[in-house]
There are 2 protein chains.
Amino acid sequence: MTHTATEIHLARRPEGWPVPEDFTTVTTDLPEPGPGQVLIRNRFISVDPYMRGKMNDVPSYTPPYQLNTPMDGGAIGVVEASGAENIAVGRTVLHQGGWRDRALLDATEVRVVDEAQVSSLSAYLNGLGMTGLTAYTGLLDVANFKPGDTVFVSGAAGAVGQMVGQIAKLKGAKRVIGSAGSTEKVTYLTERLGFDTAFNYKDGPVSEQLKAAAPDGIDVYFDNVGGDHLEAAISSMNVNGRIAICGAISQYNATTPPTAPRNLALFIGKRITMTGFLVLDRFDRMKDFIADIAPHLASGKIVTEETIVDGIDNTVNAFLGMLRGENVGKMLVRV
Amino acid sequence: MTHTATEIHLARRPEGWPVPEDFTTVTTDLPEPGPGQVLIRNRFISVDPYMRGKMNDVPSYTPPYQLNTPMDGGAIGVVEASGAENIAVGRTVLHQGGWRDRALLDATEVRVVDEAQVSSLSAYLNGLGMTGLTAYTGLLDVANFKPGDTVFVSGAAGAVGQMVGQIAKLKGAKRVIGSAGSTEKVTYLTERLGFDTAFNYKDGPVSEQLKAAAPDGIDVYFDNVGGDHLEAAISSMNVNGRIAICGAISQYNATTPPTAPRNLALFIGKRITMTGFLVLDRFDRMKDFIADIAPHLASGKIVTEETIVDGIDNTVNAFLGMLRGENVGKMLVRV
């Protein structure tokens, strides 16, 4: 017996903004799992900003995507057939076999999760997963957040940003400020997530809007976007300020050199520390993170919005929409 | 009895590069020291890059210079008259009453030093003083230098730069690379100070020269200059690289926004940490620094070149020459 899989392949490397023609949809037949293998029917697929970088053929912290093979990425699904002694059919598994509706993987590549622990399996790709761990370790370990800090987060209505702001509030931030790209998102941040204030970066210069939002300056900046947000944050930074660089989504599709902060000399008098980080270095904090944050996710004290697109055939649209900022919270494909 | 002092005052605030007309030389009569005061005849006066910043009327980590009063700055001199019980005439004192040949100060503002410990009193303004402490703490504490690191330092033939490179070699650097602004300085770095390699940043793009000098990348960048050096260092940085921002002399006289690094997104994949610092936060390390480094200064294992200009009337020329990079090592005025 074979299992039909629909896979999204990278057909060519995008120049600047990806277009649908950069991808192809391929239908393939997967065999029965061999010994130690599992065949998974995916339920949710994650589309993330970092994937844009892997579409370029440049050396980076992970190898670039290969053309005409299934791309990888976070996904969660149910085991349909198993050749692995320790993973029964029907179990839910978290894995990197995304961008497809069925995946045949080694059992060593998947992690069995407790489906009863969450109201939706998507939580394992969002608040309880890498997204949450990114926010948690970036804020607490990289930016060295302390109670009483004023925190600014860009891309605040995105998957990571929404958790950064809420964790900061939960841990005793004096003030949490978010920036986002629409009025709807700004309202979401202040009305739903409890940000003290937020602004739409399209409404005017970020530096001016941030100064108005943080008249006493900021102590921590959690950077998801790069560009002029970073310059503005440096300008508003208090002495001993800390910057965690998590992403630079404003630049991922740039074909010309991005806006660069011209005020780095302020690092000296302000004693600023800026650190880039990757969540893949931070897995040793997963247990602490789950113990600390899972109860707040369960109680609804931390909200993790999702923007869900249905159907494997819409995966490329979901990915492009996420790059354009069409999501509130985590962008996911439901298969 | 009075004591005639020649003082350099700031007459107006420079626009861009300072010119001699921004300063005036004022002769004044100082009275006998009152109780708790000392009258000092200066021997050496320090001129430093940070002083340029204090000539602007902008809030910073120290107050700006006031117009038509003596500027302050590091100096060392001999007590000519004393109203302080604990400081006898003839003692050598280190203090902040620079930019003048005589200074009347409170005893609490001076530190008595041991003139017999050094071959020249200038050492207290150079290797044994704030300059040395800046290099030591910037490299070891801020940039978190580890044996085996490859270190790049800009402004390497300057007061701080020359010590950074030598301390790095002493502490087990794999490779030390310096940049400077003349062939003479490049030769000084490699022939006299033991840098593994050095280049003249005026000979071509810094990024290309650095890549050639450090084919295996760098682990630490000690930044004295800012601008395109910083972009080049980020580009050549290895994973877990560290940047200490000590100065940005290329920008201090800029009237247009400086060159800015457009490659900050590399901070993420490379997990780079960049920290600005001021030596005034680091005085708690002075004892460790002296214990560690003084023997190497005494033995000549660490060389601290000086460029000495004679005469209080040449203080402004010395300062301007230092900004133009005319010094090798520490620029000092001998009074």
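## What covers helix α9

Let's start inside chain A of this predicted model. The cover over the buried residues of α9(A) includes the strands β1 (3-10), β2 (23-30), β14 (306-310) and β15 (330-334), along with helix α1, in chain A. Which residues of α9(A) are buried? They are Thr315(A), Val316(A), Ala318(A), Phe319(A), Leu320(A), Gly321(A), Met322(A) and Leu323(A).

The helix spans residues 315-323, and 8 of its 9 residues are buried, so the rest of the structure largely encloses it. Just after α9(A) comes Gly325(A), with a positive phi of about 80 degrees.

## Positive phi without glycine

Now look at two residues of chain A that take a positive phi even though neither is a glycine. For Asn68(A) the angle is about 60 degrees, and for Arg271(A) it is about 50 degrees.

Where do you find them? Asn68(A) sits in the loop that runs between α1 (50-54) and β4 (75-82) of chain A. Arg271(A) is in the loop between α7 (266-270) and β13 (273-276) of chain A. Is Arg271(A) buried or exposed? Its relative accessible area is 13%, and the cut-off for buried is under 20%, so Arg271(A) counts as buried.

## Two domains in chain A

Chain A splits into two domains. Domain 1 is written as 3-125 + 305-334, while domain 2 covers 130-280. If you take the centres over C-alpha atoms, domain 1 of chain A and domain 2 of chain A are 29 Å apart. The two also touch: 17 residues of domain 1 of chain A make contact with 15 residues of domain 2 of chain A.

For a closer look at one spot in chain A, try Thr150(A), which is part of strand β8 (residues 150-153). Thr150(A) has 5% relative accessibility, so it counts as buried. What does Thr150(A) contact, if you skip its neighbours within four places in sequence? The list is Lys174(A), Arg175(A), Ile177(A), Gly217(A), Ile218(A), Asp219(A) and Val220(A).

## How the two copies fit together

Chain A can be placed on chain B by a turn of 180 degrees with a shift of 0.0 Å along the axis, giving an RMSD of 0.0 Å. That is how copies are related by a two-fold axis.

What about the surface where the copies meet? Of the interface residues of chain A, 100% are also interface residues in chain B, so the copies meet through the same surface.

## Two tyrosines in chain B

Tyr252(B) belongs to the loop between β12 (237-245) and α7 (266-270) of chain B. With a relative accessibility of 24%, Tyr252(B) counts as partly exposed. Leaving out neighbours within four places in sequence, Tyr252(B) is in contact with Pro49(B), Arg52(B) and Gly247(B), and also with Ile268(A) from the other chain. How far is Tyr252(B) from Leu39(B)? In sequence they are 213 residues apart, and in space they are 33 Å apart, C-alpha to C-alpha.

Tyr50(B) is in helix α1 (residues 50-54) of chain B. Its relative accessibility is 30%, so Tyr50(B) counts as partly exposed. Tyr50(B) also helps make a nonpolar surface patch of about 420 Å², together with Tyr61(B), Met130(B), Leu280(B) and Phe283(B).

Conventions:
Residues are numbered from 1 along each chain as its sequence is written. Chains are lettered from A and ligands numbered from 1 in the order in which they are written. This is a predicted model: local features need pLDDT of at least 70, side-chain atom pairs count only at pLDDT 80 or more; totals for chains, interfaces and linings use all residues. Side-chain values use heavy atoms; hydrogens and water are left out. Patches are made of residues with over 30% relative accessible area and no salt bridge: like charges are joined within 9 Å, nonpolar side chains (Val, Leu, Ile, Met, Phe, Trp, Tyr) within 5 Å. Accessible areas come from the Shrake-Rupley method with a 1.4 Å probe; for residues, only the protein chains shown count as cover. A salt bridge is a side-chain nitrogen of Lys or Arg within 4 Å of a carboxyl oxygen of Asp or Glu. Helices (H or I, at least four residues) and strands (E, at least two) are DSSP runs, numbered from the N terminus. Buried means under 20% relative accessible area, exposed over 50%, partly exposed in between (1.4 Å probe, protein chains only). Copies are superposed by least squares on the C-alpha atoms of residues with pLDDT of at least 70 in both. Contact means heavy atoms within 4.5 Å. Domain bounds come from an automatic or database domain assignment.
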